[in-house]
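Please open the structure in your viewer and keep the selection panel at hand. This is a short tour in a few stops.

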Amino acid sequence: MTLNSKIPAGPLESKWKTYKSTCKLVNPANKRQLEVIVIGTGLAGASAAASLGEMGYKVKAFCFQDSPRRAHSIAAQGGINAAKNYQNDGDSTYRLFYDTVKGGDYRSREGNVYRLAEVSANIIDQCVAQGVPFAREYGGLLSNRSFGGTQVQRTFYAAGQTGQQLLIGAYQALERQVAQGNVKMYTRHEMLDIVTIDGKTRGIIARNLVTGELERHFGHAVLLCSGGYGNVFYLSTNAMGSNVTAAWKAHKKGAFFGNPCFTQIHPTCIPVSGDHQSKLTLMSESLRNDGRIWVPKKQGDTRKPNEIPEEERDYYLERRYPAFGNLVPRDVASRAAKERCDAGYGVGSSKQAVYLDFSSAIMRYGRVEANKKGEENASEATIRQWGMDVVKEKYGNLFEMYEKITGENPYVVPMRIYPAVHYTMGGLWVDYELMTTVPGLYALGEANFSDHGANRLGASALMQGLADGYFVIPYTLGNNLANDISVKAISTDHPAFVAAEKEVRDRIERLMNIKGTESVESFHKRLGKIMWDKCGMARNAQGLKEAIEEIKALRKEFYANVRIPGEINEFNPELDKAGRVADFLELGELMCMDALDRNESCGGHFREEYQTPDGEALRQDDQYMFVSAWEYKGESQYELHKEALDYEVVHPSQRSYK
Amino acid sequence: MEHYNMNLTLKVWRQKNKNERGRFETFQVKGISSEMSFLEMFDVLNEQLVAENKEPIAFDHDCREGICGMCSMYINGRAHGPWHQTTTCQLHMREYKDGDTIVVEPWRANSFPVIKDLVVDRSSFDRIIEAGGYISVNTGNAVDANAMPIEKHKADESFAAAACIGCGACVAACPNASAMLFVSAKVSHLALLPQGDPERKIRAVSMIEQMDKEGFGSCTNIGACEAECPKGISLENIARLNREYIGAIFSGDSQNA
């Protein structure tokens, strides 16, 4: 099978315009006959379900949480990028496109990324119209801030709760369609398989998580908006329930998995403490607008941070990357933190942390306030207080969260931070229309692989989720469903539905019948440790080979010895989790295979064997300028397909942020 | 900060499903670190129960960073426990000391029926939003985002109301199980913005009607909702909701406003 990305011909800036004006349409009467299933209600899923409902399609939306508003997009903090150039600082569609391609270390598709940049401005307009309360200046216009990997201010934000506000906007639009009967919402439901009939996706099997019953649902098309798979590492910034199950089931039914090893490790998270930690908490990248990252210049320095004088501090990002300083992309910042800690300069009791310090920003803002007030002779303490007030307004909720978790006051003592798993650039392979290799099955948002290459820039996940849901799928879905207008709804008594349901039931019964002695949680933790140690921030061939064998052995042990209490036909969170961990145990192996196969370093994928003399990622463009798309062929068997990446406009070079 | 370990007695509400009677069950947990979050302490307890071949305690949780609104425990008589403006998942064990007894119940309100143990059904909140908690604008209809300046203080006030996470602590804390703080937060968020203005009357009336239909109690200005709200949603929003509602009713055009 050759992969066809279906990128429209023509110059980059007219591809999407041409597509939109020439794609097939479905008339309103036919839309009412066409049923669409949406899995997941984060930014991608909620925006897609709402938009398709508004257009007149019959939509069914599913989420495993108790309400669509809880999807993990809600936790995104810092902001959303858009090429509005409201700051008059040189931004443009091209520049957002270029920054994203470069930030992704030249492993994304030009056509997709340009489209993303193009629709970014519409997203902000749409969200404001919905009532998203973005931060504003005194003149009443929208405010912007900077994010990593860019030199312009194009990030729109709502304090440190941007994801929440955007998701609430999409959720409200979704509920409006539910009220109108265009969308039927299924909460506390989990998709456990897709149903294909005559080579096309025609529905799903879902489990009602309250009653445990299996349900069959027909759809002319199925949209997977089920997020990323960072929880394969056990400890990540993802929500506890975030999982790969929907995507993985689709993968096993023929959807290729793109670049599974491309994982984003976010540089600024609260460090691990103790053995019982269940998740890691992000401190927004927006903090790097004002916070300065440093470690002591002396190895193993045990002094308190405030006792270390300025000249004995190593602001290593500013030192190594003077042009971008603390705002280098995430992969670069994470590796630099690891490098310092590994070299013995880490701080805190674990020595696996660096400082994120606001003291200079506090004084800088304080002096601005003093000037505004005309109080040039204000005392240092007063200036500091004024500065703290400004910092509080910008980042207050993040500082509070830090204090709740660590018990330390970050206005006075620098934050301790360390990188943590945050986002997965890899995902189901999709073409320009967001369709996977299974006809009728689409993947949107973090669930697909398409726009971020080997590293995602900050504030671009929200942009991509909403771009896919609001502005891409409404066109591309119609282009394909136009061929389906004569297909009547298929009865869920069709043998394909019966067979798929049986398969799901057998899988659940198999898990329940193991009746072993070790908890699901314990297996998940063990898998996470293998992944973090050997397929985490730095990888090498030897470690990856070991990891593959260890994961295989762990999977075998899981199927021999996992203990799942309770019954199938009841509310049983342990059973839900067991199914998800079972899928992670397969995905982890594929991630290691992919990382092993890619003999280069790029973006978040850092193979120790491939680095420049000063420790930067060393790409091998002559051999690896392609997307790895893996086809499932049976347990531990995957076939690699390659989609070559053609750069027509941007000229890939060694990324430099110096 | 000094860390320490503690042993605790937990009295937790157990209920098999919404039809069966519930009861308290007592558990001992040992070696809990002061660094753990409250839910991590529950993870330890559940691991212990699985090891003993008993059924773990069901509780809702997801993001564990205080924003998704899923966690919902009533701890020693307080929604989300003792910390000010904190969700259950952000409460940390350094609050407790060795030998403490902690009583944990689900949200208690007729409009939030128990599904199992500490898990309740809050779909009534979604239905209230369906009744009008939105601005009717289809995708693609929007004008340029800066076409309409909004005074900063209004945008900030709207944001403060929009910070509601829909967890239901306000209902759980209220002796009347009233949902007024939740409804008022949404009505305020949208009414304070010019984009929300065209529908403000019908929105207030429809959402109140749905709230009553769901069986939530009346507001008697006790203020427990505001005191326990993890996001600090202010009672002023309830005053605003009352103004919006009365304005809509007396203007007589609430049905076609």
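The tour goes to the contact between two chains, then to a sheet in chain A. Bear in mind that this is a predicted model.

**Stop 1: the contact**

Colour chain A and chain B separately. Where they touch, chain A contributes 66 residues and chain B contributes 68 residues. Now select, in chain A, α3 (43-55), α5 (110-130), α6 (162-179), α11 (380-406), α12 (461-481) and α16 (573-597); these are the elements that give two or more residues to the side touching chain B. Which of them gives the most? The answer is α6(A), with nine residues. Colour this side of chain A by residue type: 26 of its residues are nonpolar, 24 polar and 16 charged.

**Stop 2: the sheet**

Next, hide chain B and show the strands β6, β7 and β8 of chain A. They make an open sheet of three strands in the order β6-β7-β8, with antiparallel pairing. Why do β6 (189-197) and β8 (214-218) of chain A each have one side without a neighbour in the sheet? Both stand at the edges with a single partner strand, so that side is left free of a neighbour in the sheet. From one strand to the next, the twist averages 25 degrees.

**Stop 3: one strand pair**

Zoom in on β7 (residues 200-208) of chain A, which pairs with β8(A) in the antiparallel sense over five bridges. Select Ile205(A), and opposite it, in β8(A), you will find Arg216(A).

**Stop 4: the helix on the sheet**

Finally, add helix α13 (residues 495-512) of chain A. This helix packs on the sheet and touches β6, β7 and β8 of chain A. The direction of α13 makes about 140 degrees with that of β6(A).

Conventions. Residues are numbered from 1 along each chain as its sequence is written. Chains are lettered from A and ligands numbered from 1 in the order in which they are written. This is a predicted model: local features need pLDDT of at least 70, side-chain atom pairs count only at pLDDT 80 or more; totals for chains, interfaces and linings use all residues. Two residues are in contact if their C-beta atoms, placed from the backbone, lie within 7 Å. Helices (H or I, at least four residues) and strands (E, at least two) are DSSP runs, numbered from the N terminus. Ala, Val, Leu, Ile, Met, Phe, Trp, Tyr, Cys and Pro count as nonpolar, Asp, Glu, Lys and Arg as charged, and the others, Gly among them, as polar. Two strands pair if DSSP finds at least two bridges between them. Axes are lines fitted to C-alpha atoms, for helices over the stretch in contact, and angles run from 0 to 180 degrees between N-to-C directions.
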